[in-house]
Amino acid sequence: MKKFLFVLFLLTLFIYPLSSKADSDITRQEFISMINSSLSISSASDEALPDVPKNSPYFKDIRASVDYGYIKGDETGKINPDGYLTRPEAAVMVGRIMGTSAVNHTDFKDDHLIYDWAKPSVKS
């Protein structure tokens with residue numbers, strides 16, 4: 001069932017670019033919201049997050065993503081939910097959901113340009 005839901009999520013990612021926001025970047029909180037919605041991820045926790053106020057409209061989604069374990073934030077725990085999502089960040093989130101294993105390199109020609117923290121997810 002999880003694989004079916006994940007395929008549904010991936011379809012959502014392909015449909016999103018066809019929407020009215022096709023030429024827009026996507027924020028971390030928008031991406032997290034799509035993942036949580038597609039995979040029915042939620043959390044009852046209301047534990048504070050460093051840079052997401054509890055009264056924020058996307059607090060519950062971000063809290064759920066942290067509890068699920070697919071987002072961890074930077075070295076200080078900040079998520080920067082309004083920041084634009086990068087491809088390596090998206091790969092890491094999807095990789096954590098899929099349970100990728102650690103690797104030190106990829107087979108891509110631009111391997112040297114990929115952040116070390118993203119390589120396990122990009123490789124998969």
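Biologist: In this predicted model, what makes the meeting of R63 and D67 side chains a salt bridge?

Modeller: Happy to explain! The N to O distance between R63 and D67 is 2.7 Å, and the cut-off for a salt bridge is 4 Å, so the pair qualifies. Both residues sit in helix α3, four residues apart, about one turn of the helix.

Biologist: Why is R63 called buried?

Modeller: Its relative accessible area is 5%, and buried means under 20%, so R63 earns the label.

Biologist: And D67, why is that residue called partly exposed?

Modeller: D67 has a relative accessible area of 39%. Partly exposed lies between the 20% and 50% limits, so the term fits D67.

Biologist: How many salt bridges does the structure hold?

Modeller: There are two. Besides R63 with D67, R28 pairs with E89.

Biologist: How do you know that R28 and E89 form a salt bridge?

Modeller: Their closest N and O atoms are 2.8 Å apart, and the limit is 4 Å, so this pair passes too. R28 belongs to helix α2 and E89 to helix α4, so the bridge ties together parts that are 61 residues apart in sequence. Both R28 and E89 are buried.

Biologist: Nice! Now, which residues have the most contacts inside the largest nonpolar core?

Modeller: They are F31, I35, I62, Y70 and M93, in a core of 21 residues. Helices α2 (28-39), α3 (59-68) and α4 (87-98) each supply at least two core residues. The largest share, five residues, comes from α2.

Conventions: Residues numbered from 1 in each chain as written. Predicted model: local features only at pLDDT ≥ 70, side-chain atom pairs only at ≥ 80, totals over all residues. Heavy atoms only, no water. Core = buried A, V, L, I, M, F, W, Y, C linked by side-chain atoms within 4.5 Å. Buried < 20%, exposed > 50% of the residue type's maximum accessible area, 1.4 Å probe, protein only.
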